[in-house]
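This report introduces a protein chain to a reader new to it. Please look over the sequence and the structure before reading on.

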Amino acid sequence: MIDFTFNNSVRYGIGALGTVADKVREFGFVKVGIVVDGNLMEGSEVVANFVATLQADRSCITHVYDLDFEPTYRYLDEISVKFKSDEKSLVDVVLAIGGGSTMDTAKAIALMCANEGKALDFRGFPTGLNK
């Protein structure tokens with residue numbers, strides 16, 4: 001038997017963003033990492049206001065994803081230093097606001113915050129993580 005356990009939550013749809021700040025407070029997250037799609041940050045007042053409100057309420061590290069392609073391993077290594085220092089995570093949770101590449105980047109950052117190593121170390125199906 002294979003059993004997958006994920007410590008995550010995916011919210012989408014009309015009004016979903018309005019529920020996230022309450023969940024962040026409910027779970028007691030103090031240090032919040034945010035990876036947000038650059039087009040949404042610039043083009044959506046709702047998204048920009050949400051990020052500003054969360055930044056005012058919590059300690060936030062925000063990365064605006066502005067690439068036109070999937071993140072590379074090198075890119076992930078370069079931006080991960082915003083979210084962790086000396087192999088220690090600087091955030092309690094990582095939020096993704098956007099589509100595929102933004103979500104992929106946030107997932108990779110969360111994985112790298114919870115484990116030691118470079119992005120390339122996590123390619124494929126590594127074992128012994130998140131201990």
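## Cores, contacts and surface

In this predicted model, the largest nonpolar core has 14 residues, and V32, I34, F50, L54, L95 and I97 touch the most other members. Two or more residues of this core come from each of α1, β1, α3 (45–57) and β5 (93–97). There is also a second, separate core of eleven residues, with V35, I79, V94 and I109 among them.

I97 has contacts beyond its neighbours within four places in sequence: L17, I34, V35, V36, D37, L40, V47, F50, V51 and T102. One of these partners, V47, lies in helix α3. Leaving aside neighbours within four places, V47 is itself in contact with L17, V36, L40, M41 and I97. The C-alpha atoms of V47 and D86 are 31 Å apart, and 39 residues separate the two along the chain.

How do V47 and M103 compare with the cut-offs for burial? The relative accessible area of V47 is 6%, which is under 20%, so V47 is buried. M103, at 34%, falls between 20% and 50% and therefore counts as partly exposed.

| Residue | Helix | Relative accessible area | Class |
|---|---|---|---|
| V47 | α3 | 6% | buried |
| M103 | α5 (residues 100–114) | 34% | partly exposed |

M103 also belongs to the surface: together with V10 and Y12 it makes a nonpolar patch of about 370 Å².

As for confidence, the protein has an average pLDDT of 88, and 90% of the residues score at least 70. Among the elements, strand β1 (residues 31–37) has the highest mean pLDDT, 97, and helix α1 (residues 17–26) the lowest, 89.

Terms used:
Residues are numbered from 1 along each chain as its sequence is written. This is a predicted model: local features need pLDDT of at least 70, side-chain atom pairs count only at pLDDT 80 or more; totals for chains, interfaces and linings use all residues. Side-chain values use heavy atoms; hydrogens and water are left out. pLDDT is the predictor's confidence in each residue, from 0 to 100. Helices (H or I, at least four residues) and strands (E, at least two) are DSSP runs, numbered from the N terminus. Patches are made of residues with over 30% relative accessible area and no salt bridge: like charges are joined within 9 Å, nonpolar side chains (Val, Leu, Ile, Met, Phe, Trp, Tyr) within 5 Å. Accessible areas come from the Shrake-Rupley method with a 1.4 Å probe; for residues, only the protein chains shown count as cover. A salt bridge is a side-chain nitrogen of Lys or Arg within 4 Å of a carboxyl oxygen of Asp or Glu. Buried means under 20% relative accessible area, exposed over 50%, partly exposed in between (1.4 Å probe, protein chains only). A nonpolar core is a set of buried Ala, Val, Leu, Ile, Met, Phe, Trp, Tyr and Cys residues joined through side-chain atoms within 4.5 Å. Contact means heavy atoms within 4.5 Å.
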